[in-house]
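Thank you all for making time this morning. I would like to walk you through one structure, beginning with its ligand and then moving outward to a few helices and loops.

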Amino acid sequence: MKLAVVGTGYVGLITGVCFAELGHEVVCADKDSGKIEKLRLGEAPIYEPGLQEMLWSNADAGRIAFTTDLAAAVRGSEIVIIAVGTPSTATGEADLSFVERAAESIGEALDGPKTIMTKSTVPVGTNARIEAIVASRAKYPFRVVSVPEFLREGYAIRDTFNPDRIVIGTDRAAEIEAIVELHKPLTDRIFVTDVRSAEMIKYASNAYLATRISFINEIANICEKVGADITQVSAGMGQDRRIGPHFLNAGIGYGGSCFPKDTKALIQIAGNVDYDFKLLKSVVEVNREQRNTMIRKLREYAGSFSGKTFGIWGLAFKPNTDDVREAPALDIVSRLIGEGARVRVYDPAATANFRSLLNDPSIEWCTDPLSAAKGSDGLMLLTEWNEFAEVDLRAVEQTMNTPILIDGRNLFGDKIGAYSRFWYYSVGRPHLN
Ligand code: UGA
């Protein structure tokens with residue numbers, strides 16, 4: 001099939017490359033000419049395992065191309081995929097201006113009957129709005145189908161090729177054969193529903209996963225006070241098939257481009273229909289507070305921050321990505337330097353992105369974990385990259401001025417018992433040292 005993908009952000013680029021890998025002819029359009037230029041040269045603008053190689057091989061095979069000319073991409077396609085961003089506005093609502101602009105341009109460019117497939121995360125009712133915008137401009141018949149995206153950063157390609165389900169939202173089920181066919185090679189778990197329910201499934205899924213994280217973080221905080229171990233509690237809970245083991249890792253809380261944005265948007269969606277989503281408001285609040293807990297713990301061990309130097313391991317919002325959007329490290333580093341500390345930071349992939357958002361003379365940019373720890377008065381682990389699990393802790397202990405380790409992701413656990421000089425804090429666990 002011939003596909004046009006509008007937007008080459010995370011979802012758009014992964015979608016385009018993966019459909020090309022399945023043998024479709026894909027043209028990705030974006031108004032950012034710098035990004036398109038890089039993509040034409042075969043350079044992936046994001047770090048995602050496997051993406052670079054897949055981009056090269058499909059570009060070489062002529063199955064994927066990049067353009068700033070959205071109209072041309074639309075004209076050559078049978079299916080148009082909307083994958084533009086829906087960032088938060090100041091009030092927490094989803095900003096739909098990119099989606100609306102895309103719909104206008106698609107409507108104007110339509111040169112024959114086509115299917116428009118929305119992958120952007122959009123509030124309930126947005127696909128109806130897209131339909132109205134396109135209809136006001138289009139001279140040909142078209143249909144709008146909602147196919148929300150559930151991939152995780154860091155596992156995006158694996159998730160695309162092994163989805164738990166594909167949700168297809170349509171109000172005209174008889175007309176979606178092409179969309180079902182497009183997704184069939186990926187899974188037979190295709191769930192066809194109405195458009196509004198599909199839109200809601202996306203928000204409800206992210207909000208539920210965020211709720212599990214805030215829930216387990218609160219249980220962890222209680223565990224600390226009653227002398228239980230959250231890693232044991234999570235493992236024991238997870239064995240109940242009704243609960244399952246996933247998203248029960250306590251730590252510093254969630255970040256990223258999705259959970260923070262989508263939880264706030266769903267609170268707004270509920271508020272717009274006079275529903276006070278109290279549970280989700282608490283989830284957001286608990287997540288914010290969890291970051292403060294890490295700072296409090298560091299203060300408990302290290303005292304005042306002024307004039308001290310702290311090491312930071314991990315800047316990305318989670319491992320295997322260079323994405324720092326809403327990363328806990330942004331808050332924590334700002335707080336530390338705001339209180340007069342110097343920080344030595346290291347991340348295997350996210351340093352450049354972090355630096356573009358937060359650059360300060362009090363930050364030293366290190367190129368390996370050991371030099372970030374060197375001479376420091378405390379070390380905070382904020383992202384559980386594998387590389388950190390493999391570091392020689394004896395060398396770390398020896399290089400630090402004061403060996404305090406705040407493990408915001410419970411990465412080291414019992415292993416730390418062998419290094420008795422460490423003052424070690426992990427979330428929701430008995431003090432090991
Ligand atoms: C999330 C969802 O998992 C995807 O299904 C969804 O498609 C995506 O948002 C989106 O809407 O685009 P993502 O943000 O890439 O994916 O990352 P996750 O792996 O879900 O992690 C989110 C945050 O939760 C991270 O900060 C992670 O460290 C944290 N987390 C996750 C925990 O603190 N504990 C856990 O047990 C799991």
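**Around the ligand**

The ligand is surrounded by 19 residues, and the closest of these are Leu151, Glu153, Lys202, Asn206 and Cys258. Please keep in mind throughout that what you have in front of you is a predicted model, and that the values I quote are computed from it.

If we sort the residues of that shell by character, we find 9 nonpolar, 3 polar and 7 charged. Which helices each supply at least two residues of the shell around the ligand? They are helix H9, which runs over residues 195-226, and helix H11, which runs over 259-272, and it is H9 that gives the largest share, with 3 residues.

Let me turn to individual atom pairs, since these are what many of you will want to look at on the screen. In asparagine 206, a polar side-chain atom lies 2.7 Å from an oxygen atom of the ligand. In arginine 409, an N or O atom of the side chain is 2.9 Å from a ligand oxygen atom, whereas for leucine 248 the partner is a polar backbone atom, at 3.4 Å from an oxygen atom of the ligand. As for how much of the ligand is enclosed, on its own the ligand has 710 Å² of accessible area, and the protein covers 91% of that.

**Two residues of H9**

Staying with H9, I would like to set two of its residues side by side, namely serine 205 and tyrosine 208. Is serine 205 buried or exposed? It counts as buried, because its relative accessibility is 18% and the cut-off for buried is under 20%. Once its neighbours within four places in sequence are left aside, serine 205 is in contact with Phe150 and Arg165.

Tyrosine 208, by contrast, has a relative accessible area of 48% and is therefore partly exposed. To place tyrosine 208 in space, its C-alpha atom is separated by 18 Å from that of glycine 271, a residue 63 positions away along the chain.

**Helix H5**

Next comes helix H5, made up of the 13 residues 97-109, whose first and last C-alpha atoms are 18 Å apart, close to the 18 Å expected at 1.5 Å a residue. Its buried residues are Val99, Glu100, Ala102, Ala103, Ile106, Gly107 and Ala109. As you look at their spacing, it may help to recall that an α-helix has 3.6 residues a turn, so residues three or four places apart point the same way.

What do the buried residues of H5 pack against? They pack against strands S1 (2-6), S4 (79-82) and S5 (114-118), together with helices H4 (70-75) and H6 (126-135).

Within H5, I would pause at glutamate 100, a charged residue that is nevertheless buried, with a relative accessible area of 19%. Not counting residues up to four places away in sequence, glutamate 100 touches Arg129 and Ile133.

**Helix H12 and the loop before it**

Between H11 and helix H12, which covers residues 278-302, there is a loop that holds aspartate 274. Although aspartate 274 is not a glycine, its phi is positive, at about 60°, and with 75% relative accessibility this aspartate counts as exposed.

H12 itself has 25 residues, which at 1.5 Å a residue should span 36 Å, and its end C-alpha atoms are indeed 36 Å apart. Just after H12 comes glycine 303, with a positive phi of about 75°.

Inside H12 we find lysine 297, which counts as buried because its relative accessibility is 13%. Setting aside neighbours within four places in sequence, lysine 297 is in contact with Glu224, Ile406 and Tyr425. From C-alpha to C-alpha, lysine 297 and glycine 112 are 62 Å apart, with their positions 185 residues apart in sequence.

**A last loop residue**

I will finish with asparagine 410, found in the loop between strand S13 (404-407) and strand S14 (423-426). Asparagine 410 has a positive phi of about 50° although it is not a glycine, and with a relative accessible area of 14% it is buried, whereas aspartate 274 counts as exposed. Thank you, and I am happy to go back to any of these positions on the screen.

Methods. Residues numbered from 1 in each chain as written. Predicted model: local features only at pLDDT ≥ 70, side-chain atom pairs only at ≥ 80, totals over all residues. Heavy atoms only, no water. Near = heavy atom within 4 Å. Polar contact = N/O pair within 3.5 Å; in protein donor to acceptor, adjacent residues only side chain to side chain. Areas by Shrake-Rupley, 256 points an atom, 1.4 Å probe, with all protein chains shown as cover. Helix = DSSP H or I, 4+ residues; strand = E, 2+ residues; numbered from the N terminus. Expected span 1.5 Å × (residues − 1). Buried < 20%, exposed > 50% of the residue type's maximum accessible area, 1.4 Å probe, protein only. Contact = heavy atoms within 4.5 Å.
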